[in-house]
Amino acid sequence: MGAAAVCLLAGYAVTGQKSRMVTEADIHRATPIPDRIILTWAGDPATTAAVTWRTDTTVDTAVAQIAVAEDGPGFVKKSKTVNAVTDKATDHYHSLTFTGLQPDTQYVYRVGDGANWSDWNQFQTAAAGPAPLEFIYVGDAQNDIYSLWSRLIRNGFTEAPKARFILHAGDLANRGVVDYEWGEWHAAAGWINRSIFAVPTPGNHEYPAGEDKTRKLTPYWRRQFTLPGNGVSGLEETNYWFDIQGVRIVSMNSNERQKEQGEWLDKLLTNNPNQWTILTFHHPILSTATGRDNKALREMWQPVFDKHRVDMVLTGHDHTYGRSNVASGTSGMKGGTVYVVSVSGPKMYNLEWAPWMQRAAEDTQLYQVIRVDGKQLRYEARTARGMLYDAFTLTKSKGRPNKLTNPRLPHREHFRSAEEKAALAREAAERKAAEEKKKTAK
Ligand SMILES: [Fe+2]
């Protein structure tokens with residue numbers, strides 16, 4: 001065994017033949033069997049559920065079957081069949097929305113073409129009104145997704161298996177038009193995406209520059225995610241909102257038409273019966289590095305957040321961790337909003353300490369579990385190993401900003417040394433030079 005292992009490590013099998021490297025494109029190639037199956041919402045989470053999946057181009061008939069879950073397999077005979085619509089791209093992407101579902105009920109569904117089927121997957125609809133809610137939030141997955149993001153997202157699931165959804169704060173993949181990177185993203189989360197709803201917001205990496213140099217939303221976004229179209233016109237499925245169990249969740253698309261979205265948000269939150277309001281978008285308005293400050297966006301959006309006392313703003317982009325108090329830091333932070341920057345993938349930047357940060361981290365892959373119950377919101381950030389890294393509780397107080405209470409946590413254990421920072425900067429410069437070289441070689 002030992003000898004064989006050594007040979008394999010060297011790239012040779014015991015027969016002496018060189019191991020064949022399978023290309024990423026081959027690993028993630030579509031077949032007639034449904035893959036990249038993912039649950040999302042395009043409507044009310046209490047009564048609807050959307051599912052999207054991929055096949056190769058030989059599949060034109062796409063359907064799903066759904067039934068109320070039972071303790072045994074009897075539901076199969078009672079299942080209803082629903083037709084999907086197909087987006088015919090290089091591969092075929094099929095999607096549909098199950099409607100008329102019962103709130104707070106477990107359902108089972110499968111997708112296929114009548115001959116080839118997925119497994120039966122189970123999900124739970126949301127309760128019709130306020131009820132305890134648990135969800136997971138992650139920052140940029142982005143790089144080495146299959147190799148190094150998989151353990152993070154699986155550990156998040158293990159920590160909160162009853163989470164209703166996973167919120168992805170942008171930069172899900174590094175190159176938004178590269179098929180296999182999306183393949184990696186789906187493979188890393190695997191069947192978790194078939195049972196727990198995804199709530200993604202687009203990052204700058206979902207906006208690659210085209211041949212005319214303008215940045216546009218990758219066509220993979222709308223192909224793969226069936227999301228609400230209730231935001232600013234033209235930004236459907238990127239700027240959107242939904243209410244779930246007493247919480248309003250809003251996805252802002254921080255990549256384009258920010259001013260219009262600010263005005264839209266002001267109107268949206270003027271009529272908001274929910275006790276809690278949580279926003280997500282990619283580019284933080286309080287950054288964890290001075291060179292990455294988004295002053296224009298902050299000036300545009302923060303007055304709206306303050307006016308409506310948005311409870312939390314969950315972002316990514318800076319590849320570090322930073323979390324504010326309810327009312328500290330830069331001027332204008334009067335609404336009692338907690339701002340978070342987080343990262344879930346392996347790409348790591350340097351952090352610069354700023355007065356707005358209550359807790360911060362470098363070189364740490366994190367997932368966050370948020371639990372809302374009545375007047376309280378409990379927040380936990382955990383590392384890829386599951387270690388509790390940050391935590392607080394928000395308590396509602398009528399007409400006042402939320403009260404934030406922190407448990408005592410050990411002092412943070414890892415900031416980079418000056419040498420580590422210098423080495424990282426060198427690596428980044430080398431990577432950039434290599435990319436430039438590649439570009440000019442083309
Ligand atoms: Fe990023």
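These are my notes on the domains, one sheet and the largest nonpolar core of a predicted model.

**Ground rules.** I number residues from 1 along each chain as its sequence is written. The model is predicted, so local features need pLDDT of at least 70 and side-chain atom pairs count only at pLDDT 80 or more, while totals for chains, interfaces and linings use all residues.

**Domains.** I looked up the division of the chain: domain 1 (1-26), domain 2 (31-124) and domain 3 (133-405). These bounds come from an automatic or database domain assignment. The centres of domain 1 and domain 3, taken over C-alpha atoms, are 41 Å apart.

**Sheet.** I found an open sheet of four strands in the order β1-β2-β6-β5, with antiparallel pairing. Strands are DSSP runs (E, at least two residues), numbered from the N terminus, and two of them pair if DSSP finds at least two bridges between them. β1 (35-40) and β5 are at the edges with a single partner strand each, so one side of each has no neighbour in the sheet. I counted seven bridges between β2 (residues 49-55) and β6, and four between β5 (residues 85-88) and β6 (residues 92-98). His92 in β6 is the bridge partner of Lys88 and also of Thr55. A hairpin of three residues joins β5 to β6.

**Core.** I then checked the largest nonpolar core (buried Ala, Val, Leu, Ile, Met, Phe, Trp, Tyr and Cys joined through C-beta atoms within 7 Å; buried means 20 or more other C-beta atoms within 10 Å, with C-beta atoms placed from the backbone). It has 98 residues, and Ile136 is among those touching the most other members. Strand β9 (residues 133-138) gives the largest share, five residues. The core lies between domain 2 and domain 3 because both give residues to it.

Methods
Buried ≥ 20, exposed ≤ 12 C-beta atoms within 10 Å, placed from the backbone.
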